Structure formats: C-alpha cells, structure tokens
Amino acid sequence: MTKYFFILILFFSNVSANELLNITFLGTGTPRPNINKLGPSVLVKVKNEEIMLDVGRGTTLRLNQIGNNYSKINNIYISHLHFDHIVGVPDFWLTSNLWQKKTDTNIFGPVGIKNFCKGLRQSYEKDFEYRYSGNTHSKIICHNYSEKKIIKNNFLEVKIFKNNHGHIENSHGFKIIYNNKSIVYSGDTTYSKEVVKNAKNCDILIHEVIATSKKMRDNNKKLRSVISTHTTISQLSKILNESNPKLTILNHALLFGVSEKFVLNEIKESYDGKVIFSKDMMSVDLGDEINVFNIGN
Ligand SMILES: [Zn+2]
Ligand SMILES: [Zn+2]
C-alpha cells in the first residue's frame, strides 16, 4: 500500500505532471546481502525517458515489483566497478531479452567497462546461442567516461564527475539536470570537493554514509580502512553545510553498530536542513514541490 511520507513545499509555479522528475530507489544497500536493502540502483524518470544509476544485486526484482519492463531504460550510468554496483548488469541485459526489449542498452562507465561488457558477452554466449540463434536481440553497448563528461539524453542531462573513493581511481558521481532541477548522486566516496561543488544548492542530494560504534571501529582494522574510503557523519555534515541541498537522501549506508536514527541525530547537531534515509522502493517526485512516497510496505 502506498504510504505517504511528507511534502516539502519549496516554491510555487505551474509545472505539469509529466514534467515531474521521479526518482525510484530500486536498491539502497551495500555489498552485504540484505533482502530489505538490495544492491545500489536508482531509476530516474522524466516524461517517457528512464535512466538507471548503478545496477546492483536484485535490480530486476525491484523493476518487476514496480511493473517496469525495461523498454524505456536505454541508458545506464555506472559509478565505479566495485561489484555491488554492477553485479545486476548481466541479469538486466539477459532479462531484457526475455521481455523482448526492442532497443539496445547503452552502458556508460569508467575505464574497464568495455572489458566488463566483453566478458559478459563471452560468459553468456551459449545462452544467446540457445535462445536467439539467428534472431536479433537487444545488445549492450558500452562506453568509457573518458570519452564524454556530459551526456545528453532526450531530456535528462547527466554530468559525470570524479569523486574520492580512496584508492579506487575511477570512481564517479553524477549530476542529473532537467530544466532548472538537479539531482546529485555522490556514488561511493569519502569527502569530495567535486561532490560539494556539483551539489551546491541542488534540489536533491543522494549521498552515501558510513558510521560505526567506537567499539567496532577500535577492534577492527579492516573496518578502519573501509571508513577511509567512505563518508563519515562529520564529513557529511560539512558537505551538507557547504552545499545546502533542498533535500538530502542518505543511501548506500554502511552502518556498523549504530542505527539510522543515531546518524540523523548526529547530523542534526550541526546541520538543520532536511535529511532522510533512502529505502528500497521509495519514490520521490521532484517538481514545484518534493514529494516522498514509500511504495513498499
Ligand atoms: Zn558500493
Ligand atoms: Zn565502492
């Protein structure tokens, strides 16, 4: 059943319903398997155009839940090549052919994406031979970001920028622009000036976060190194104060021994803007107002 969260009235003007930007969180998790928080993937829609940011574990299951047959998803943007952000790509591609997708799918990603796609084609060669021998099928066409930094779809413009994911050299965030509206997706990153610059006064900032209890941090060396590649609560507060988004949605949250409520309370200490956590199947309309719906349970 649709559950209504809240409405933020931001300003008033007339924008028709089909001009609304919609964000649907297909998966809000991390590499750790969790049935309630599948792998990271965000669907952004306007008019008849749909793009997807990252394709984590279980993306096709969530697409099925919202009744999406992929026919409009022709452009996918991958933030980086950690497996949690790409493991759903083959499932999406293979299933799109079951649904008889008529168009090919562009997959934009960092250096290495072409090899990834080449590997997928080889890995599933037999399946295609068995199912579509002699018949045409929907293909994946893969592009490196080094070739383009701003990609214009029919309506949505996607700006790709480098973030700061520790030793991961080719990791990116995205700024999605439509008319005078903008959504920024941080990707996996620690504090990044590029994220701040791009998120300055944006409508919606989708940002990752990591938070741990002191005990877990003190007792786990591996965890301390993971922390250095993600965004801590104090870094996040700095980012939000510097960028001032209208709404911040915390996503890809790595929480160890602390709750979402703890994180929100900590942020509140030094930032008074609106901050919420994402959840799978949460949907956000961005128009004159920002409306957040939870179309899950
Ligand atoms: Zn990740
Ligand atoms: Zn990562």
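**Two zinc ions and their donors**

Reader: Hi! Is Asp-188 buried or exposed?
Author: In this predicted model, Asp-188 has 3% relative accessibility. Buried means under 20% relative accessible area, exposed over 50% and partly exposed in between, with a 1.4 Å probe and protein chains only. Asp-188 therefore counts as buried.

Reader: Which residue coordinates both zinc ions?
Author: Happy to trace it! The zinc ion (ligand 2) has the donors His-80 (NE2), His-82 (ND1), His-165 (NE2) and Asp-188 (OD) at 2.2 to 2.4 Å, where donors are N, O and S atoms within 2.8 Å of the metal (3.2 Å for Na, K and Ca), and sites may look incomplete as water is not among the atoms. Around the zinc ion (ligand 1) stand Asp-84 (OD), His-85 (NE2), Asp-188 (OD) and His-252 (NE2), at 2.1 to 2.2 Å. The two ions lie 3.6 Å apart, and the residue coordinating both is Asp-188.

Reader: What is the arrangement around the zinc ion (ligand 1)?
Author: Four donors are tetrahedral if all angles lie between 85 and 135 degrees; four are square planar and six octahedral if opposite donors are over 155 degrees apart and all others between 65 and 115; anything else is irregular. Here the four donor atoms subtend angles of 89 to 167°, so the arrangement is irregular.

Reader: How is the zinc ion (ligand 2) site spaced along the chain?
Author: Residues are numbered from 1 along each chain, with chains lettered from A and ligands numbered from 1 as written. Local features need pLDDT of at least 70, side-chain atom pairs 80 or more, while totals for chains, interfaces and linings use all residues, and side-chain values use heavy atoms, without hydrogens or water. The donors of this zinc ion follow H-x1-H-x82-H-x22-D.
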